[in-house]
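Here are a few notes to go with the model, for anyone meeting it fresh. Have it open while you read.

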Amino acid sequence: MPVTQAREISAATRLENVRYAIRDLACYADEVAKQGHKILPLNIGDPITFDFQTPAHLIEAVYKAMRDGHNGYAPSSGIKEALDAIRGEAARKGIITVRDLFVTTGVSETVDLCLTALLNPGDDLLTPSPDYPLYSAVLAKMGLALNTYDLNEEDGWQPDLDDIKRKITPRTRGIVLINPNNPTGSVSTGALLRGIAELARRHNLVIFADEIYDKLMLDGDACVSMASVAPDVAIVTFGGLSKNYLAPGWRIGWGIVSGDAAAVKPYIDGIQKLLRSRLCANHPEQYAIKAALEGPQDHLTEVRRKLRSRRDLTVQWCNSTPRVSCVSPRGAFYAYPRIDIPEGDDVFVRELILQKHVMVVHGSGFGQKPGTKHFRIVFLPDEPTLSRAYAAIGELLRERYS
Ligand SMILES: Cc1ncc(COP(=O)(O)O)c(C=O)c1O
């Protein structure tokens, strides 16, 4: 008599709070695709889906590494050549108290690892609202409750310092700052960064400075790195190849720990333990890090030129369309327009996929102030494609709400 296993295998209950709206919408898109329609994806920040290419010298570096036989495991922190290049990048960013560096499988893994190495059951981490949902997903996976601070739409989506002060509890261990920001495209001012650093000093917090978009500044100014304004504060700066260097599929990210050497030492030991336990990041792709950070940067001029033009088109459309308004993004490739509609933004986004075959992500998937409604646009496509998408969104707004 064969033994069968008939009882249901339930998933861990803490996964109930793991959500990733950017990809969770795929089921609606599948439905539309089954009917033979092509979806226009303005939901995922992948430049390679549109008219951007990974710089050739990066591809050459990875290809050469593979041909040269770098196909085994790498050291857990990363290969020396990459770590040296990241150290150089930290210096260019003005980070002068570097205490540790490591390469990971995308910034996604840096985040997972750095949060896991810091937080105990019952601790909390301040995350922005709206948020890039990776942070809340990792916290949910660890069984930790969310403690969010507001980004203030009336203030160009800058972090609300007073709200941060109000939200700090005896169990708060750190704060996440995404700059340039996903999903709003805002860029934080030096004064704001100094304000957050002061709170971190006072409450002994670690700052997670997610600067994965730091070279995609759209108005000609440079991104001020959090760690450059607060060399004494415990900060982990995140960077990677996915956005600035147009290679998201390679899954290469890194973390730079800075601050007071003695204060951050136990935390670094914890991070290193986790780095060892997952063996290493992708090996041949690490050879692109030096090529990226020290080689030609010409692609960035072209990328920023395209993004500036597409940002301008997006903002123009938002501000000339009834029921839509938008803070102009200053970095990255996202806009987060507000919509004035009588139903949930998730309903609007679902109908947009089903009726107009355009996919954006609803604001409720990122978090927003009660009563407000938004959606996130990825403005990576070329101008004709964006214009078609905006015409379709405008049409749905008229058909549904006028
Ligand atoms: C703010 C932010 N952090 C991290 C990531 C993840 O990056 P990676 O591809 O390096 O895992 C993204 C991806 O969209 C992002 O927007």
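1. Start with P296, which counts as partly exposed because its relative accessibility is 45%, and partly exposed covers the range between under 20% (buried) and over 50% (exposed). Keep in mind that this is a predicted model.

2. Where does P296 lie? Look in the loop between α11 (287-294) and α12 (298-319). Then find H57: P296 and H57 are 239 residues apart along the chain, yet their C-alpha atoms are separated by 8.3 Å.

3. Zooming out, the chain comes to 14 helices and 15 strands. Its radius of gyration is 21 Å, close to the 21 Å the globule rule gives for 402 residues, so the chain is as compact as a globular protein of that length. Along the principal axes, the C-alpha atoms fill a box of roughly 75 × 60 × 55 Å.

4. Of the 402 residues, 56% are buried. Take the contacts with a separation of 6 or more: 77% of them come from residues 24 or more positions apart.

5. On the outside, the chain exposes about 17400 Å², with carbon and sulfur atoms supplying 52% of that. As for charge, there are 47 positive and 48 negative ones, and their mean positions are 2 Å apart.

6. One helix to pick out is α5 (residues 106-118): 13 residues, reaching 19 Å from first C-alpha to last, close to the expected 18 Å. Its buried residues include G106, V107, V111, C114 and L118. For reading such a list, remember that an α-helix has 3.6 residues a turn, so residues three or four places apart point the same way.

Technical notes. Residues are numbered from 1 along each chain as its sequence is written. This is a predicted model: local features need pLDDT of at least 70, side-chain atom pairs count only at pLDDT 80 or more; totals for chains, interfaces and linings use all residues. Side-chain values use heavy atoms; hydrogens and water are left out. Helices (H or I, at least four residues) and strands (E, at least two) are DSSP runs, numbered from the N terminus. The radius of gyration is taken over C-alpha atoms; the globule rule is 2.2 Å times the number of residues to the power 0.38. Buried means under 20% relative accessible area, exposed over 50%, partly exposed in between (1.4 Å probe, protein chains only). Contact means heavy atoms within 4.5 Å. Accessible areas come from the Shrake-Rupley method with a 1.4 Å probe; for residues, only the protein chains shown count as cover. Lys and Arg count as positive and Asp and Glu as negative; His and the chain ends are not counted. The place of a charge is taken as NZ of Lys, CZ of Arg, CG of Asp or CD of Glu. The expected span of a helix is 1.5 Å times one less than its number of residues.
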